[in-house]
Amino acid sequence: MIVASQGHSHRESGTGTPPPALEERERELAVLGELARRTATGRSGLVVLEGPVGIGKTALLRALIAEARAVDLCVLHADAGDGHRLPLSTAHTLLSGLPDSDHAQPPTTPAASAAHGLADRRPPAQLCRDNDATEVSFGVLTRLHDVIRRAAAGTPLLIAVDDAHEADPASQRLLAHTARRLAGLPVLLALVCRTGSDAPALTDITTLASCRMLRPRPLTGPGIVRLARRLTGTEPDMTFQRACLAATYGNPLLATRLIGTLYAEDLPLTGAELSAVTEQDMHAFGARVVRLLHRQAPATVDTARAMAVLGDGTAHDLCALLALVDTTSFDRSLSVLGALGLVNSDPADGTWAFTHTLVRHAVLDDLPDDERAATHGRAARLLHDIGAGAADVAGHLCRSAATATQPWATTVLREAAREAMVCGTPGRAMELLRPCVPDGGADDCDPGLLIELGTAEARLDPAASVRHLTAALDRTTSPDLRFTALSALADALTRQGRVDRAVELLELCRADPAILPSGAESTRLLEAQLLMASTVDRAAFTRLADTVPLDLGLPGDTAQERALLAARAVIAVSRMDRVAESVAAARRIIERGEPAADTPGFLAVAASVLLYADLPHEAQDVYRQLIDGTDPLLDQAHASLLALSAEAHERLGALDSALRHTSDALRHTTVGRATAHEALPLSVRLHTLLDRGQLAEAADLCERVPDPARSEAWQWNEVLCARGRLRLAQQDPVRALADLRECGRRQEAWQRTNPAVSPWWYWAGRTHLALDDLQAARALAEQAVDGARSAHLPLALGSGLELWAATVDDDERAKLLEEAEHVLGGTRAALLTARVKVARGRALDALGHRKAAREVLRQGWEESYALGARSLHEVAHRALLATGARPRRPVSRGLGALTRSEAQVARLAADGRSNAWIAETLFVTQRTVEVHLTSVYRKLGLSGRRQLRDALESADAQIGS
């Protein structure tokens, strides 16, 4: 392969170092080599290398020059892109390369003398006037061609002109004149032209029958691999090939710069790394893009900038308007940008996109700050005038401070901010509204605008929120606006830890209900919001919970009463205070709730009361209804509802549903940047993966989760618990116990002392057992059992009895586990029940009751299999083998395991039909019906017909969820 010489100026690479060896240019090199050798034998040749900047035209020309010298051609070389545009300046450069001889002496006409620059000493300006391209006569061109012809008579020539499209028009005419007269001359004329150039003389050359056009193609994946191997000595993966091609469009120059920059920054050549890099990481690549762009016509530069401001896929006519060019110029510029490898476009449907975000950022960064802001302002107005959505217009207004304060712009920003609040992105709303309120100008702003801004700031910048809301309250007369401001202000004050001030606002509203739109009802809603706001700050929650009354006797006749009742009940049940009364209040709220009046958030709080009262099946029914009634894209409560529903599913043993809901809840979450809102679904997902025995997947997820100790939010307590359980499964009880103890400490600080709230105590007890500390494990179990008995918490009681059983001798262990199984028998906690059965079977085996042990273990073995609890199933399998049993294949469980006939019989039986009626309807015997029902009861884990209806409804609900 021929490598370009190193002695030339590397304008295409933009560096002082030579470009890499040519890759995937074997076809072009073979053609050029053959032309050079033909010329050496006395034949003529004409070749034009055409393509975008960076495609390797100059490198190919240099390779041709090297080959020509190797076969003893005389090389006349000129670079027309050196900036000299005087008439015949390129011709002068070419002819000055002729060896001194009589036949090479320049002609004596003024124009010819100007070409050589030998006899005519006039100033350049005078030369331009005297030898304007339009005045170069045919006779002058003929005399100059004669010089070339006489030189070729002595030795074959290669005339090589780089960037011929930038040559002065007179020189271009000379090249065309010579190209038409090459026949019979041992001259090879090689020209390099850029795609899209508009030079009539060069166009005439390309139409000649003798002209050979070479258009180098973009690199392919293998070419990228070879280039990377040569530049870095490493082999990139397949994803990098695709990503590099997408980013550079196969342009060798851009690919070289991209690979070289990654290598210089010690970044691996992988698709993931290339996708993750930013313009800061790839400054050199961006600089290369800008250099390529600035070598184009001004209209192309303006077009690229307009496209970068508007973004991928914007309509052609809109981009043209912003660039201040006509559509024809825009289309031509788009073609040039595509040829450069900066833009991909599809003429069929008119779509386009930058080849990589780095390209767009480079073009944007090249715009001066003031010009960029002004362009964004113009873009906003253009979009507004054609009826674009508020969010699209607002994105540009945020980048143009001067435009944002105009009345029409403020209206658009407020509309977009309201949409952001509905979607649960207050940070975006705050970003949109702040440009509407200049620094120091809050007193002159519309109070409604200040309230909207303060509400958005409440969670993210409480200090600014308090400042803006206080300023708005002083000038607000509308009761509705006043209530909105007071709610947001109380929220912001609570998040700041200024609970006393928040309570003062509440007392003010109680003393003068008329200041709010609905009087006492609005005060109740304000108190409910205050209680919920305090759950993000432990100190504020503690002070507020000890300050305000937690009366659960409200009837719940209004939406405001129901909201306050839900907030009070969830605090009470978390403390294990009046659990039965809290459950009654939650059921009252759910029964009387109205979708049009009650917010999903407070109804979900009521459902959480049921969850913390060990009634996950009731809670799940409510969560499912709320999920069905919320918009996944617009309702900010949707993700939280999915997380709560997943927790209920996990407690019930519906592991597949739990995983599905956590996946949906975390769909738009980057785990490494998770907040308290994502902590709950992350913890549930960790627990569920461990339930399923997927230890590696759980470990990988936990590795990416932020350290839960960084935040005091109660949701991170649950991540601590899950991490402690994971470490126990990884045979690291010391670190597990540290996590679980810290979780317990934090739960106590949050007054979340109900053993049904979190299983941290159970896994801490299991960790104590792993460390042979039976006394510590028993203390945790006894405390949980005492609390669960008094509050009638069956799941917590069952878990506590199981843990307690592990700390006593075999006789007492079997009795405790039998009680635990009895307690759980009326619940739907399938996984917990299976766990207790496996433990009881092992205890019976230890007592020598082999037959009973096998029966109980087989039940746990089959139930754990049906639930997908792989780890528990393996424990049950080993225990069965220890009893001498030889388990084959577990019987499938669940509704999906029923045959068609069994399902048909089960449905009819659940509807209350008798066996005789079913037999007559289905044309089978009663005995057949009895056999089918027996199989149904076994597969669904039921004891009889009474439980069948509930089981089928629950199974249907899980499928629907």
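# Notebook: loops, a covered helix, cysteines and rings

**Entry 1. T476.** I started with T476, which lies in the loop between α24 (462-473) and α25 (479-495). I note here that the model I am reading is a predicted one. I looked up whether T476 is buried or exposed. T476 counts as buried because its relative accessibility is 5%, and the cut-off for buried is under 20%. Next I looked up what its side chain meets. A polar atom of the T476 side chain lies 2.5 Å from the backbone oxygen of A472. I then set aside the neighbours within four places in sequence, and the contacts of T476 were P447, I451, L481 and R482.

**Entry 2. Helix α23.** Two of those contacts, P447 and I451, took me to helix α23, since both are listed among its buried residues. How many of the 11 residues of α23 (residues 447-457) are buried? I found 10 of the 11 buried, so the helix is largely enclosed by the rest of the structure. The buried residues are P447, G448, L449, L450, I451, E452, L453, G454, A456 and E457. I wrote down that E452 and E457 are included in this list. I also looked up what covers the buried residues of α23, and the cover includes α21 (407-422), α22 (426-433), α24 and α25. At the N-terminal end of α23, D446 acts as a cap. A side-chain oxygen of D446 lies 3.1 Å from the backbone nitrogen of G448.

**Entry 3. G341.** I moved to another loop, the one between α16 (327-339) and β6 (343-346), where G341 has its place. G341 counts as buried because its relative accessibility is 2%. Not counting residues up to four places away in sequence, G341 touches A247, T248, Y249, L254 and T355. I also checked P52, which is 289 residues from G341 along the chain. The C-alpha atoms of G341 and P52 are separated by 8.0 Å.

**Entry 4. The whole chain.** I then stepped back to the protein chain, which has 961 residues, 54% of them counted as buried. Its secondary structure comes to 49 helices and 7 strands. Among contacts with a separation of 6 or more, 67% are between residues 24 or more positions apart.

**Entry 5. Nonpolar cores.** Background for this entry: in soluble globular proteins, nonpolar side chains tend to be buried together. Which residues of the largest nonpolar core touch the most other members? They are M307, L337, L342, V343, L397 and Y623, out of 179 residues in that core. I followed up Y623 and left aside its neighbours within four places in sequence. Y623 is in contact with A604, A607, S608, L611, L641, L644, S645 and A648. A second, separate core has 39 residues, including V48, L95, A176 and A199.

**Entry 6. Cysteines.** I looked for disulfides, and the count comes to 0. C193 is in no disulfide, and its nearest cysteine sulfur, that of C211, is 8.9 Å away. C193 is buried, with a relative accessible area of 5%. Why is there no bond between C743 and C721? The sulfur of C743 is 5.0 Å from that of C721, its closest cysteine sulfur, which is too far for a bond, because the two sulfur atoms of a disulfide must be within 2.5 Å. C743 also counts as buried, at 0% relative accessibility.

**Entry 7. Aromatic rings.** I counted aromatic pairs next and got 4. In one of them, the rings of F541 and W750 have their centres 5.5 Å apart and their planes at 40 degrees, so the pair is tilted. This pair links distant parts of the chain, with the two positions 209 residues apart. F541 is in helix α28 (residues 538-545), and W750 is in the loop between α38 (733-749) and α39 (760-770). F541 and W750 are both buried. In another pair, the rings of W761 and Y762 have their centres 6.2 Å apart and their planes at 85 degrees, so that pair is edge-to-face. W761 and Y762 are both buried. Together with W763, they form one aromatic cluster.

**Entry 8. Charges over rings.** Last, I looked up arginines over tryptophan rings. The charged end of R381 sits over the ring of W408, 4.5 Å from the ring centre. R913 lies over the face of W917, at 4.4 Å from the centre of that ring.

Technical notes. Residues are numbered from 1 along each chain as its sequence is written. This is a predicted model: local features need pLDDT of at least 70, side-chain atom pairs count only at pLDDT 80 or more; totals for chains, interfaces and linings use all residues. Side-chain values use heavy atoms; hydrogens and water are left out. Helices (H or I, at least four residues) and strands (E, at least two) are DSSP runs, numbered from the N terminus. Buried means under 20% relative accessible area, exposed over 50%, partly exposed in between (1.4 Å probe, protein chains only). A polar contact is a pair of N or O atoms within 3.5 Å; within protein, one must be able to donate a hydrogen and the other to accept it, and residues adjacent in sequence count only if both atoms are side-chain atoms. Contact means heavy atoms within 4.5 Å. A nonpolar core is a set of buried Ala, Val, Leu, Ile, Met, Phe, Trp, Tyr and Cys residues joined through side-chain atoms within 4.5 Å. Rings of Phe, Tyr and Trp (its six-membered ring) pair if their centres lie within 6.5 Å; planes under 30 degrees apart count as stacked, over 60 as edge-to-face and the rest as tilted. A charge sits over a ring if NZ of Lys or CZ of Arg is within 6 Å of the ring centre and within 35 degrees of the ring normal.
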